Amino acid sequence: MVNMITSILNFGRIKTKLSPPLLITGLMFFAALIFLFLNSPEFFLLKNIVNIFNQCAVLAILSLGMSTVMIGGGIDLSLPANMALSAIFGSTIMILTGSVALGCLIMLISGVAIGSLNGFAIARLRMIPFVVTLATMTICGGISVWVTNSVSIFNQPEKFFDIFLARVLGLPLSIYILILCLIMTQIAMSFTRFGWMVYAVGTSPAVCRVSRIPVKQVLFSTYVLAGFLAGVSAIVVTARLGSASANIGNDSVILDIVTACVIGGVSIYGGKGRPFGACVGAVLVVILGNILNLLEISFFIGLMLKGFLIIFFVSLDGLLVKQNE
Amino acid sequence: MNLDFTLNRALDFAFPIFLVLVSLGFALVEPSFLSLENIFGMLHAMAPIAVISTGMALIVIMGKLDISLGSIALVSMGVSATLLQSGYGFISSSVIALLVGATLGAVNGFIICILKVNPLIATLGTMLTFRGLGNQITDAQVVVLPDGFRALGNFSLGIIYFDTVICLVLLILVHALHRRTKFGKVVTAIGNDETTAERVGLPVTRTIFFSFVIAGMLASIGGFFASAQVGAVTSFLGKGLEFTAVAVVVVGGISLFGGRGSILWGVILGSLTFEVIRSGLNYLGANPYFYQLIGGVVIFIAMYAAAIKTGYSANNS
Amino acid sequence: MNKNILQMQNIKKTYGPINALSNASILLKKGSVVALVGANGAGKSTLMNILGGITTPDDGEVLVNNKKVNFNSPVDAARYGIQFVHQELSIFKTMTVAENIFINQFPTQFGIISKQVIEATTRQLLAELGSNLNPHHYVESLSTGDCQMVVIARAMLGNPKILILDEPTSSLSKYEKEKLNLVIGRLKDAGVAIIYITHFISEIFEVCDSVTVMRNGTTISSQAIHETDNSKIIELMLGDVASIEKKRRKERNKNIFLKVDKLQNENKVKEATFELNKGEILGIWGLLGSGRTELVRSIIGLDGQPKGTILINNHGKLTPISAEYLSGITAYVSEDRRGEGVLLPMSVLKNTALPNLQKVSGNFGMIMLNKARNLATRVIKSLSIKVSNFDQKVGTLSGGNQQKIVFGKWLETEPYLLILDEPTRGLDISAKGEILKIATDLANNGVSILFISSELEELMKISDRYLILSERHVVAELPGDSTQDSLISALSKTVQGSAA
């Protein structure tokens with residue numbers, strides 16, 4: 001039966017030039033859109049589409065960061081916790097000094113710092129990415145709750161919200177930020193030395209070492225970049241929610257990020273996928289969430305569905321890798 | 001070379017010494033901390049985490065990780081509580097809870113052994129899926145357990161609690177399984193090197209599968225103890241428990257790389273350490289979430305220590 | 001008494017297009033030790049894998065005690081008394097000696113392992129082997145020799161009639177080798193027949209009764225040990241090399257490029273001192289395990305920092321440099337093409353660009369796609385690589401073309417030193433010829449080359465001089481006009497007074 005599935009997928013691959021995981025994602029997307037068209041055509045109003053993108057901006061930016069790390073062969077479970085803690089730090093500074101610029105800068109610096117901690121432990125100390133970022137996630141979560149005493153910070157300066165909730169040409173600023181991040185990350189991965197090295201390291205660190213690629217630096221940089229993007233998303237999420245709290249880094253966010261990357265064609269094993277795909281995955285995750293809402297399916301079943309998707313796509317990936325050998 | 005060796009040995013004793021120091025520290029602040037009553041109280045409170053860590057220890061010695069154990073606890077107790085509310089008897093709901101734990105463990109085993117998904121990703125997926133399932137079943141509401149439960153959960157003969165005894169029994173059983181049966185030896189062998197184990201002809205797939213089933217069952221027992229102590233099943237059951245279990249195992253000297261460690265002493269040392277920290281912090285009136293932070297820091301330190309240990313050979317290449 | 005216990009006859013085995021065995025055979029008498037030798041790829045492993053039940057032959061027969069048998073798994077083979085001690089020892093470091101021995105067959109009572117039985121039997125087994133290992137010691141604290149003893153003891157549990165030892169001495173000290181020989185003696189006395197696979201030819205004279213030589217998937221000869229000697233065996237292993245037409249200019253100015261002095265890298269490279277001239281092809285010659293790959297990897301620091309001195313010719317003066325510096329001007333074509341040579345799932349474009357990223361990028365680290373494309377096209381054209389376009393994935397190319405990609409990407413880095421480790425392995429005749437021609441052209445243009453090959457023929461075709469390695473030491477340098485005989489007999493040289 002496995003053979004039947006793979007031959008169907010191979011057929012699809014040859015016809016559409018898309019790899020099997022992307023094929024399935026494409027089909028899901030298509031099916032989702034058709035469903036929405038039939039059941040709630042108001043979905044396709046411009047206003048609503050803009051809203052969808054706004055909703056998924058944060059998830060998409062985080063997924064961009066995660067995709068970079070995954071392409072290099074690693075994983076970073078601490079991104080949501082990073083975002084939450086950075087939001088808290090930045091908001092606190094913003095409130096204390098009244099300076100929006102400083103607060104935003106702190107958010108970015110905090111994101112980079114936490115990313116560097118991960119990168120250092122993984123690249124230099126050679127620790128296991130999964131466990132290290134799990135530990136970082138717990139630490140950041142713990143600090144977040146401790147520092148805020150589980151109370152949200154919501155008295156950021158008005159100016160902050162004025163800036164980041166503004167609309168330019170009818171589109172919220174968050175979408176521009178997302179597009180900017182997407183363009184920069186995708187360009188970095190597709191057209192820079194750094195990006196090509198990340199793909200190579202994710203494919204085979206041994207070949208890279210022989211080719212004199214600085215594997216450690218490359219890996220370190222992926223975690224720093226992901227941390228930076230977590231800082232960016234801290235800014236966007238604080239503006240959107242109107243507050244910063246430990247809860248913005250809760251469990252379901254990491255689930256969404258991994259789902260988005262995995263269905264977006266980014267391989268957990270490294271070397272495959274594109275940041276753009278992760279973005280598309282994020283959009284699809286949000287759309288699926290909306291559909292589940294429409295169908296009044298509980299949030300928890302949604303979690304189960306996402307878990308199932310992750311396992312499905314990762315095993316599919318593993319199957320195909322084995323087939324190609 | 002001498003420095004390496006002494007450093008290695010020092011690291012071995014680091015955590016037990018740490019436990020002693022922390023205990024003494026708390027005792028200085030609050031003398032009754034080291035009273036017999038308090039100590040047995042701590043043993044009682046740590047029963048849930050100790051049981052779950054026992055399952056985690058087995059998995060880690062095998063060189064793998066299972067971060068879905070807390071969620072398994074939730075689903076098992078969610079099912080059990082629902083059944084109890086519908087009028088099922090105590091025994092049947094408990095047995096069913098155990099079966100649910102075994103089944104969910106089997107799901108993990110299936111994904112890892114048959115679908116060949118990396119255990120880290122697999123249990124990340126199942127952790128979130130099972131939590132969703134558990135919350136779905138309980139509707140994220142608090143399900144109050146019948147009175148008898150709370151009584152049972154806190155039942156004690158003198159100062160020795162019922163769940164402490166069960167916990168110890170389970171710990172000894174699993175320890176014996178690990179040390180004295182063929183199954184346990186295969187677990188250690190896999191933790192050494194899975195490829196070599198296969199090459200020698202050991203029943204690797206079967207052993208991995210059943211280890212996850214056992215861990216699932218132990219998770220549901222842990223969930224039972226946790227809910228019984230409180231008298232209710234909440235959606236917070238098991239949340240973060242798996243991370244603490246990893247930290248417990250690591251502090252107990254069981255290497256994340258597999259193949260090493262004693263389940264009995266490791267789990268006792270680890271869970272005692274974390275319980276001392278938790279109740280000590282409680283006494284001091286510190287924020288309960290500080291505890292979560294400690295768990296993360298501990299994992300970090302332990303991994304760093306492990307990295308140093310193996311690092312001397314790794315850093316040369 | 002000296003009955004035939006094992007006969008393998010006319011064994012054939014192909015793996016797809018590769019002919020692993022075309023007519024292999026071996027004969028084993030009860031209680032005797034047969035050495036099985038042959039160069040890399042001769043088919044020894046395949047033949048033994050068939051005997052060990054790991055794979056099945058396409059044709060031919062296997063007779064144990066004069067009865068025809070068929071093995072479908074190692075368990076089957078074990079039933080007939082065949083035990084295989086692999087080169088890579090299957091041991092579990094964190095477990096004890098006794099546990100390692102019994103790992104497959106713990107005796108139990110009601111499911112609990114019988115500790116006393118294990119301990120007693122272990123002591124007995126070890127005593128029979130003349131070892132005084134403690135059953136309770138953890139294997140990770142044991143030396144390689146002792147680990148091997150454990151694996152042999154495990155094999156002995158199955159009461160084997162036939163024991164296969166695959167390269168048993170490659171990681172042993174002199175002292176441990178002697179101990180092993182004693183053990184083999186005891187096993188012989190107990191009636192166990194042994195197949196001893198090795199590439200240390202000189203050693204077989206100490207323990208073996210006869211020697212079977214394989215070459216190109218066929219058994220070439222089978223003789224009693226006293227009827228032959230070192231050189232004869234090596235000659236049989238390597239076969240006749242047709243008179244080699246040298247493809248290199250004879251006249252050349254000796255202009256030193258590199259000098260390596262007393263290089264040492266833990267136990268990978270014990271001692272290496274040699275010189276390399278500009279535009280010279282230095283053929284590195286030695287048997288398997290002599291340390292050739294380790295040597296070339298060590299001088300460019302790929303396996304940790306080596307001790308010793310590396311000097312380079314800097315405007316006539318020999319100046320010391322680090323391995324890292326040398327690596328920066330060196331192109332390394334690894335013997336592991338799939339693991340270290342190419343990124344299989346990635347395109348030709350990306351593969352060729354990888355060591356040349358500086359070259360194809362511009363400001364801000366941006367890749368100039370046209371530069372990268374030009375580079376890929378240059379590589380494809382200059383090496384006549386058969387590929388439809390540079391976006392094709394390297395994994396879909398033939399072995400020869402993949403190897404050309406490896407060459408091509410390195411040539412673009414304009415190296416001063418080129419290291420070739422088994423560059424023609426697995427390639428067809430014409431591809432081999434092309435690779436050799438590329439190497440000679442490069443040397444003619446001034447690139448210095450270190451060339452490792454197990455095929456004497458191609459080594460002799462293009463080498464200007466030879467460096468002979470044995471047991472991780474450089475033991476000799478031979479001139480370019482050395483005869484095949486002198487090269488082969490150079491291999492028989494062992495290192496005098498090698499450290500234990």
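**A walk through the three chains**

Let's start in chain C, where helix 8 (residues 230-238) packs against helix 18 (residues 484-491) at an angle of about 115°, with the axes 9 Å apart. Keep in mind as you look around that this is a predicted model. The crossing of helix 8 and helix 18 of chain C is right-handed. On the helix 8 side you'll find C:S231, C:I234, C:E235 and C:L238, and they meet C:I488, C:S489 and C:L491 of helix 18. Sorted by type, the residues of this contact come out as 4 nonpolar, 2 polar and 1 charged.

Now step back to chain C as a whole. It is divided into domain 1 (4-238) and domain 2 (256-491), and the C-alpha centres of the two domains lie 36 Å apart. Each side of the contact is easy to list: 8 residues from domain 1 of chain C and 8 residues from domain 2 of chain C. The domain 1 side splits into 3 nonpolar, 4 polar and 1 charged.

What about the nonpolar interior? The largest nonpolar core has 365 residues, and those with the most contacts inside it are A:I61, C:Y196, C:A439, C:I449 and C:F451. Helix 11 (residues 215-241) of chain A gives the largest share of this core, 16 residues. Both domains of chain C feed in as well, with at least three residues drawn from each of domain 1 (4-238) and domain 2 (256-491). As background, nonpolar side chains tend to be buried together in soluble globular proteins. To see one of these core residues up close, click on C:F451. Setting aside neighbours within four places in sequence, C:F451 is in contact with C:I281, C:L282, C:G283, C:I284, C:L420, C:A439, C:L459, C:I462 and C:S463.

Next, have a look at how chain A meets the other two chains. Its contact with chain B takes 33 residues from chain A and 32 residues from chain B. On the chain A side, the elements giving two or more residues are helix 6 (129-148), helix 12 (251-263) and helix 14 (299-324). Helix 6 of chain A has the largest share, with 13 residues. The chain A side divides into 21 nonpolar, 9 polar and 3 charged.

Turning to chain C, 21 of its residues are in contact with 17 residues of chain A. Helix 10 (323-328), helix 11 (337-341) and helix 12 (348-353) of chain C are the elements that give two or more residues to the chain C side. Helix 11 of chain C supplies the largest share there, 3 residues. By type, the chain C side has 12 nonpolar, 7 polar and 2 charged.

That leaves chain B. The axes of helix 5 (residues 90-114) and helix 6 (residues 119-138) of chain B come within 9 Å and cross at roughly 145°, and this crossing is right-handed too. B:L104, B:V107, B:N108, B:I111 and B:I112 in helix 5 meet B:P119, B:A122, B:T123, B:T126 and B:F130 in helix 6. The residues of that contact are 7 nonpolar, 3 polar and no charged.

Finish with helix 12 (residues 241-251) of chain B. Why is this helix largely enclosed by the rest of the structure? Because 11 of its 11 residues are buried. Among the buried residues of helix 12 of chain B are B:L241, B:E242, B:F243 and B:T244. After the helix comes B:G253, whose phi is positive, near 85°.

Technical notes
Residues numbered from 1 in each chain as written. Chains lettered and ligands numbered in written order. Predicted model: local features only at pLDDT ≥ 70, side-chain atom pairs only at ≥ 80, totals over all residues. Contact = placed C-beta atoms within 7 Å. Helix = DSSP H or I, 4+ residues; strand = E, 2+ residues; numbered from the N terminus. Nonpolar A, V, L, I, M, F, W, Y, C, P; charged D, E, K, R; others polar. Core = buried A, V, L, I, M, F, W, Y, C linked by C-beta atoms within 7 Å. Buried ≥ 20, exposed ≤ 12 C-beta atoms within 10 Å, placed from the backbone. Domains from an automatic or database assignment. Axes fitted to C-alpha atoms, helices over the stretch in contact; angles between N-to-C directions. Left-handed = near helix turned anticlockwise from the far one by under 90°.
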